[in-house]
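Please look over the model shown here before reading on. My notes are written for someone new to reading structures.

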Amino acid sequence: MNIDKEINEITGFKNLELLATQVVEGFISGLHKSPFHGFSAEFAEHKIYNDGESTKHIDWKLYAKTDKLYTKRYEEETNLRCHLIVDNSSSMHYPTIKQQSITTLNKIGFSALAGAAIMNLLKRQRDAVGMSIYSDGYDFYSSEKGSERHHQMLLSNLNNAISRSNEDITTNTYTHLHLIAEKLKRRSLVFLFTDMFQTETEETKLFEALQHLKYNKHEVVLFHTFDGNTELEFDFNNRPKRFVDVETGEIINLYADNIKEAYKQAVADYFNSIELKCGQYRIKYVKADINEGFNKILTTYLVERQKFG
């Protein structure tokens, strides 16, 4: 993907944890209008009581308010293991943002905040989360844990990913997905954030790596992250413009209107081919436009969590 090259430094969030909490609280407050009505109570410190379980942990105060039986959760309870994977190559740092905020994001900022929001939900439900960040190298890995210290460490690494230099970093997705797959020993729900703009271009090898992630019965969700305005719709003014591939340095000069329709068709075909291929490999495919907020991301998390058993 050829995009405008800008020199500005990208900075991280001032408080990623606070922003993630705001995203989650807004999402939970809207659940009563969705098919997940009633699920929001489970995000705090409780789970639904099942017949046959011990009654000693039932929260009777909550029963008095809701007329439903919930039991309290405890730190050692872990019902799910989740692994977040984030592509941190140069193309993920598009468009250039001087200061990330909840309303002004590039692809890496969107992925980091979406990942932090998923972590927030996992934390509320006492689940274990791990993380991998890759680009031209395997930049960061941590196995699944549920402690507060671990949570803060993952947030710090997400923020560091945003703040790194955004130039001349290639995408070696399938190389590193194989390495990550080898590290996932216990069945996990795997969320991958990537724009699917690869320096490694062999599609067969890429999907072989995604299939490897499904080994040991892992469930894999691909969040295909993109800027719909420019990368999908090619919405640029028609002044002469220089586009530079931030990963390879390739340059092309053109008027946007001259190629807009051909470009849009080619990208639409590419997106459709990815979605079709994911279906063939039984990988959940989700289009994640950075301009459309986080409800689709968090709803997908809910659906996949309910299916994961």
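The points below cover method, salt bridges, one helix, a cavity and some backbone details.

1. Basis of the notes. The model is predicted, and local features need pLDDT of at least 70, side-chain atom pairs count only at pLDDT 80 or more, and totals for chains, interfaces and linings use all residues. Residues are numbered from 1 along each chain as its sequence is written, and side-chain values use heavy atoms, with hydrogens and water left out.

2. Terms for position. Helices (H or I, at least four residues) and strands (E, at least two) are DSSP runs, numbered from the N terminus. A residue is called buried under 20% relative accessible area, exposed over 50%, and partly exposed in between (1.4 Å probe, protein chains only).

3. Salt bridges. Side chains of opposite charge can pair when their charged atoms come close. A salt bridge here is a side-chain nitrogen of Lys or Arg within 4 Å of a carboxyl oxygen of Asp or Glu. By this rule the model has nine salt bridges.

4. E17 and K123. How far apart are the N and O atoms in the salt bridge between E17 and K123? The value is 3.7 Å. This pair links distant parts of the chain, since E17 sits in helix α1 (residues 16-29) and K123 in helix α3 (residues 107-124), 106 residues apart. E17 is partly exposed, with a relative accessible area of 28%. K123 is also partly exposed, at 32%.

5. E148 and the network. K123 has a salt bridge with E148 too, and here the closest N and O atoms are 2.7 Å apart. E148 belongs to helix α4 (residues 148-163) and K123 to helix α3, with their positions 25 residues apart in the chain, so this pair also links distant parts. Through shared partners, salt bridges join E17, K123 and E148 into one network. E148 is partly exposed, its relative accessible area being 39%.

6. E231 and K107. Another salt bridge pairs E231 with K107, at 2.6 Å from N to O. Because E231 lies in helix α7 (residues 228-232) and K107 in helix α3, the pair ties together parts that are 124 residues apart in sequence. Are these two residues buried or exposed? Both E231 and K107 are buried.

7. Helix α1. This helix has 14 residues and reaches 20 Å from its first C-alpha to its last. That is close to the expected 20 Å, where the expected span is 1.5 Å times one less than the number of residues. Its buried residues are L16, L19, A20, V23, V24, F27 and I28. Which elements do they pack against? They pack against α3, α4 and α9, with contact meaning heavy atoms within 4.5 Å.

8. Cavities. On a 1 Å grid over the protein atoms alone, a cavity is a set of points where a 1.4 Å probe fits but cannot get out, and lining residues have an atom within 4 Å of a point. Grid points are joined across faces, edges and corners, and a volume is the space filled by probe spheres set on the points. The structure holds two cavities of 30 Å³ or more, and the second largest has a volume of about 30 Å³.

9. Lining of the second largest cavity. The lining residues are F110, K287, A288, D289, E292, G293, K296 and I297. β10 (284-289) and α9 (295-307) each supply at least two of them, and the largest share, three residues, comes from β10. By class, three are nonpolar, one is polar and four are charged. For these classes, Ala, Val, Leu, Ile, Met, Phe, Trp, Tyr, Cys and Pro count as nonpolar, Asp, Glu, Lys and Arg as charged, and the others, Gly among them, as polar.

10. Backbone details. Most residues other than glycine have a negative phi, and most peptide bonds are trans. The peptide bond from Y94 to P95 is cis, with omega near -15 degrees, and P95 is in the loop between β3 (81-87) and α3. R126 is not a glycine but has a positive phi of about 60 degrees; R126 lies in the loop between α3 and β4 (128-134) and is buried at 18% relative accessibility. F234, likewise not a glycine, has a positive phi of about 55 degrees. F234 is in the loop between α7 and β8 (241-244) and is buried at 3%.

Conventions: 1 Å grid on protein atoms, 1.4 Å probe; cavity = no way out; pocket = protein on both sides within 12 Å on 5 of 7 lines; lining within 4 Å.
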